[in-house]
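Work through the exercises below with the sequence and the coordinates open, and try each task before reading its solution.

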Amino acid sequence: MSKKTAPKIAVVISDLHIGSTVALWPEKYTSIEGVPIGQNSIQKWFWGMWLDATRKWIPSVVGDDPYVLIINGDCCEGVHHKSLQVMTADPADQSRAVRQVLGPLFEKSHKTYMTLGTECHTRNDEMRIGYDLGAEIDPETGNHAFNELNLEIHGCFGTVKHHIGTASCPFYEAGGLGRSMNNEINSAARAGMRIPKWMCRAHRHVHGVVTDGFSTIAVTGAWQGLTRYGHKVVPSANPSPSIIALDWRGCQRGDLPRIHEKVYEPKAKKIITVS
């Protein structure tokens, strides 16, 4: 592909947690045993947001221009902390459900990159899913999912990693992003490595973007509500699914991208009125 038509947009999604009873799940799925597995109420809500994000929002942002797709970890739920909140405990079913959800996006993107999420969720499933769907290969490992994705788009170098420190208090969310961004910059400079100008992270389930005009860090929100484990460790959290697009169209080579964000308000909680 020529430089004129090379992708100048990166669409980033993370933390789908497909397989969790409180996360994204395909509308029509039949297990490998031939059993239909439907959606509960919160999954129907997530599915509606997913269709809006993938069928309306992405086309409205990218138009007819080519883009790369980045799936930044935890695309499936696994069975973490011995959780019973799973649609199916079979890794083959969870992986197949992920392929059913992500397949259409893979087909539309110019290239797709996957990163490895948290091992207690995804095991090595992302490598297999990436292989099945044709994700790009990590040249260092030969796998179809990256521990760390170092990517240059339109002359602007950035890093994509799933993990970042979490924050149980909203007051510390932005500060945590700023610290992570500057830690990444300082670590690269100290090691004599190329310094990233943009960074994408996930894992903390809360959307956020921080920039100082020279560098930018963006974290995508999770497509999962609070599990029982989540109610224990972050009881005040209200996860909001989100998707971002890094857009270098109209920018000079090496410039920071414009960031398009779509953040969905959490599903409203039912209120019981006594009087």
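**Exercise 1.** Is strand S5 largely enclosed by the rest of the structure or left open, and how many of its residues are buried?

Solution. Bear in mind that this is a predicted model. Taking buried to mean under 20% relative accessible area, one finds that 4 of the 5 residues of S5 are buried, so the strand is largely enclosed by the rest of the structure. Turning next to its pairing, S5 is joined to S4 in the parallel sense over 5 bridges, and within this pair Ile70 stands opposite Tyr113 of S5. Finally, the connection from S4 to S5 passes through H2, and this β-α-β crossover is right-handed.

**Exercise 2.** Determine the strand order of the sheet and identify which strands stand at its edges.

Solution. The open sheet has 5 strands in the order S5-S4-S1-S11-S12, and its pairing is mixed. Strands S5 (111–115) and S12 (258–263) each have a single partner strand, so one side of each is left without a neighbour in the sheet. From one strand to the next, the twist averages 15°.

**Exercise 3.** Describe how S1 pairs with S4, and state which strands H1 and H2 touch or lie across.

Solution. S1 (residues 9–13) runs parallel to S4 (residues 68–72), the two pairing over 4 bridges, and Ile13 has Ile71 of S4 as its bridge partner. Helix H1 (residues 41–62) packs on the sheet, where it touches S1, S11 (242–247) and S12, and its direction makes about 15° with that of S11. Helix H2 (residues 91–108), in turn, lies across S1, S4 and S5 and runs at about 150° to S4.

Notes: Residues are numbered from 1 along each chain as its sequence is written. This is a predicted model: local features need pLDDT of at least 70, side-chain atom pairs count only at pLDDT 80 or more; totals for chains, interfaces and linings use all residues. Side-chain values use heavy atoms; hydrogens and water are left out. Two strands pair if DSSP finds at least two bridges between them. Axes are lines fitted to C-alpha atoms, for helices over the stretch in contact, and angles run from 0 to 180 degrees between N-to-C directions. Contact means heavy atoms within 4.5 Å. Buried means under 20% relative accessible area, exposed over 50%, partly exposed in between (1.4 Å probe, protein chains only). A crossover is right-handed if, with the strands pointing away from the viewer, the path from the first strand over the helix to the second runs clockwise.
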